[in-house]
Amino acid sequence: MSISTFSPDDAEFRTAAGPTIFEAFEYSAAVKAGGFLYVAGQIGLREDGTIPASDAEQIEHAFRRLKRVIEGAGYAMGDIVELVSYHVGIAGNLADFTRIKSDYIAAPYSAWTILEVAGLARKDLVIEIKAVAYRAP
């Protein structure tokens, strides 16, 4: 089985110091193993690196980043077989999440695990989404 990695070099993924978050923190946005694509958690930052105040806007940006990584690695959102979402304040954002998710994830639906967490990598973040996609090699 072959293994390869993918990390976008887009401005959206760059830190204020210049390197991408993947370079700065030494990880890959996605790892291809056989027909599987394992996508690291994507958070809801704006392209300029700021955190939106609204949960809905954070969720939208997290899905956009997820889509950018998946498509950049040569897969499609329809290839997602597992979705995991981490929520801070789930009671206040699950309705927004499911509404926005429907813009990105269509039937047949992937497996989905929803977790409430106490916090994420940066203060004020409320969502992180990771995924596994599959395409026959």
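In the predicted model, P108 is placed in the loop that runs between helix α3 (90–104) and strand β5 (111–116). The peptide bond between A107 and P108 is cis, with omega at about 0 degrees. Most peptide bonds are trans.

Two further loops contain residues with notable backbone torsions. In the loop between α1 (21–25) and β2 (30–33) lies E26, a residue other than glycine whose phi is nonetheless positive, at about 55 degrees. E26 is exposed, since its relative accessible area of 72% exceeds the cut-off of 50%. The loop between β5 and β6 (127–134) holds D124. Phi of D124 is likewise positive, near 85 degrees, and D124 is not a glycine. With a relative accessible area of 52%, D124 is exposed, because the class begins over 50%. As a general background to these two cases, most residues other than glycine have a negative phi.

A third residue examined for accessibility belongs to a helix. G72 is part of α2, which comprises residues 55–72. The relative accessible area of G72 is 42%, so this residue is classed as partly exposed, the range in question lying between the 20% and 50% cut-offs. The C-alpha atom of G72 is 9.6 Å from that of A30, although 42 residues separate the pair along the chain.

At the level of the fold, the protein chain contains three helices and six strands. Their order along the sequence follows the pattern β-α-β-β-α-β-α-β-β. Of the contacts between residues at least 6 apart in sequence, 71% join residues at least 24 apart.

The overall dimensions were also computed. The C-alpha trace spans about 40 × 40 × 25 Å along its principal axes. The radius of gyration of the protein chain is 14 Å, which agrees with the value near 14 Å for a compact globule of 137 residues.

Burial and surface composition complete the description. Of the 137 residues in the protein chain, 39% are buried. The exposed surface of the protein chain amounts to about 7,100 Å², of which 54% is supplied by carbon and sulfur atoms. The side chains include 13 positive and 18 negative groups, and the centres of these two sets are 2 Å apart.

Technical notes. Residues are numbered from 1 along each chain as its sequence is written. This is a predicted model: local features need pLDDT of at least 70, side-chain atom pairs count only at pLDDT 80 or more; totals for chains, interfaces and linings use all residues. Side-chain values use heavy atoms; hydrogens and water are left out. Helices (H or I, at least four residues) and strands (E, at least two) are DSSP runs, numbered from the N terminus. The radius of gyration is taken over C-alpha atoms; the globule rule is 2.2 Å times the number of residues to the power 0.38. Buried means under 20% relative accessible area, exposed over 50%, partly exposed in between (1.4 Å probe, protein chains only). Contact means heavy atoms within 4.5 Å. Accessible areas come from the Shrake-Rupley method with a 1.4 Å probe; for residues, only the protein chains shown count as cover. Lys and Arg count as positive and Asp and Glu as negative; His and the chain ends are not counted. The place of a charge is taken as NZ of Lys, CZ of Arg, CG of Asp or CD of Glu.
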